[in-house]
Structures are given as structure tokens and as C-alpha cells.
Amino acid sequence: AAAKELEAAGAEALVVPTLAGDDMIVFALTRTSAAWDQTPGDKADARALIARMRAGLGQGSMTRAAVDASGGSAPAQARAFDRQASFELYQAIFTPKIQAAIKGKAQLSIAASPALSTAPFAVLVTAQPKGDGRDAKVLRETPWLIRTRAIQTVPAIRAMAQAETASGGGGFFGAGAPTLNGSAPVKSAASYFRDGQADLVSLKS
């Protein structure tokens, strides 16, 4: 199913990070290969790292400077983005084994489990951050993942499979353009229901 979704999406690589307890398990799939790896929870608390990252993404944060090359600066009291947390989460997801699996793939589709779905993957930092995170110039020079790969977030694999099953291939039926100027009398709303269910006979009359 994952390979089918990857083919349909036209993505070059599908990365599926998920949590098993506190451990991070990541699958990487391309059209020709598949790999997986695991990062123990005692090496990276993914939930805490995501919370630290998101705390620096609110209004008035410094992160706009990360992609703004105009030379502008953020407000003096803005909260610095936690680049160290971002780098640690990057290491937990993109282990050397996963990096090898997606080497040369310029486009990534990330299908994270619900526990990881709020992670801002585009601003993962791919190398040990240096300098003062409150400096706009430093942020612009930070190696953000989005600078090297096109990234899209897609539904978790389970959600995609459920959606495919639910669709059932039955197509769609719709009706519209009702005639609203007929002479039939308008009944009370209650008369169109019987035992809590719609009464089709009343609706058609």
C-alpha cells in the first residue's frame, strides 16, 4: 500500500517515522528499495523535542529569518527557535541508515504517526547548530532540511489505507437543482421522521 501511495504521489522517497513506546522507528521507501532503523527513546525524547521546537514557532518568533534572505531582523524580544532540539529530532529520524536509503532523493513525503504529526519537519536542522540562535544572520546560515529537499507531509499509512478501504470504489452519487416552486404543502419537520429515522415515504410525497 505504501509503495502504491508513493507511486501515485510521484514522490522520490517516502519516510515514515513512528513511535513504539518511546522508541523512534523509521521506515524509508523508494520505488526500488526499503529500509528501516530505530532510535531508542533514552537517546531522543521525540515528544519533548517537538514541544521545544514548536515553542519557538509562535507569533513573534525568530524563525522567519531562517527563510528570509532580505536581511530583515526579528523583534528584539522574540523567542529564539530551539535549533538544538531540531537537530536532535533530525538525528533520531534521519539516522545514517535512513540517510543512506534516501541518498540522492530531492523530494521527500513524510507520513508521520499521530504522535509525531505536529513536528515541523521543514525546519529540522541537518547539522550541529552554531552561533547565537537569536541572530537573524545565523538563522539564515543554518542548514535547514527544507533548503536541500522538497518536503510534503502526507497522511499516516494507516489513514491512507483506511481511506482507500472506505472509498470502496463505489463512485459518487449526488442530486441537486430541486424544484422549489411546487404546490405541495410544507409539512412540519417532525412529519418527515419516524422513530428517529428519515421517513422516505414522507420525504417523497
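# Sheet, helix and core

Visitor: Which residue in β5 is the bridge partner of isoleucine 110?
Guide: The model is predicted. Strand β4, residues 107-110, pairs with β5 in the parallel sense over four bridges. The bridge partner of isoleucine 110 in β5 is threonine 153.

Visitor: In what order do the five strands of the open sheet lie?
Guide: Start with β2. Seven bridges join it to β1, antiparallel. Six bridges join β2 to β3, also antiparallel. β4 and β5 run parallel, and the pairing in the sheet is mixed. The order is β3-β2-β1-β4-β5.

Visitor: Which strands stand at the edges of the sheet?
Guide: The open sheet follows the order β3-β2-β1-β4-β5. An edge strand has a single partner, so one of its sides is left without a neighbour in the sheet. That applies to β3 (34-39) and β5 (150-153).

Visitor: By how many degrees are neighbouring strands of this sheet turned against each other on average?
Guide: The sheet has five strands. Ignoring direction, the average turn between neighbours is 20 degrees.

Visitor: Which residue takes a positive phi in the hairpin of β1 and β2?
Guide: In the strands themselves, leucine 14 stands opposite leucine 29 in β2. Two residues lie between β1 and β2 in this hairpin. Phi is positive, near 70 degrees, at glycine 21.

Visitor: How many residues of α4 are buried?
Guide: Helix α4 (residues 83-93) lies across β1, β2 and β3, at about 60 degrees to β2. Cover for its buried residues includes β1, β2, β3, α2, α5 and α6. The buried set includes Arg83, Phe87 and Tyr90. The helix has 11 residues and is largely enclosed by the rest of the structure, because the buried ones number eight.

Visitor: Which element supplies the largest share of the largest nonpolar core?
Guide: This core holds 35 residues, and Val15, Met24, Leu89, Ile93, Phe94 and Leu124 touch the most other members. At least two residues come from each of β1, β2, α2, α4, α5 and β4. The largest share is six residues, from α4.

Visitor: Which residues does isoleucine 93 touch, not counting those up to four places away in sequence?
Guide: Isoleucine 93 is one of the buried residues of α4. It is also among the core members that touch the most others. Its contacts are Val15, Pro17, Met24, Val26, Ile98 and Phe121.

Visitor: How are the rings of phenylalanine 81 and tryptophan 144 arranged, stacked or tilted?
Guide: There are two aromatic pairs. In this one the ring centres are 5.7 Å apart and the planes stand at 50 degrees, so the pair is tilted.

Visitor: How many residues apart in sequence are the parts that this pair ties together?
Guide: Phenylalanine 81 is buried at 3% relative accessible area, and tryptophan 144 is buried at 1%. The phenylalanine lies in the loop between α3 and α4, and the tryptophan in the loop between α6 and β5. The pair therefore ties together parts separated by 63 residues.

Visitor: How are the rings of tyrosine 90 and phenylalanine 94 arranged, stacked or tilted?
Guide: The ring centres are 5.1 Å apart. Planes under 30 degrees apart count as stacked. Here the angle is 25 degrees, so the pair is stacked.

Visitor: How far from the centre of the ring of tryptophan 36 is the charged end of lysine 97?
Guide: To sit over a ring, the charge must be within 6 Å of the ring centre. Lysine 97 has its charged end over the ring of tryptophan 36, and the distance to the centre is 5.8 Å.

Technical notes
Residues numbered from 1 in each chain as written. Predicted model: local features only at pLDDT ≥ 70, side-chain atom pairs only at ≥ 80, totals over all residues. Heavy atoms only, no water. Pairing = 2+ DSSP bridges. Axes fitted to C-alpha atoms, helices over the stretch in contact; angles between N-to-C directions. Contact = heavy atoms within 4.5 Å. Core = buried A, V, L, I, M, F, W, Y, C linked by side-chain atoms within 4.5 Å. Buried < 20%, exposed > 50% of the residue type's maximum accessible area, 1.4 Å probe, protein only. Phe/Tyr/Trp six-rings, centres within 6.5 Å; stacked < 30°, edge-to-face > 60°. Lys NZ or Arg CZ within 6 Å of the ring centre and 35° of its normal.
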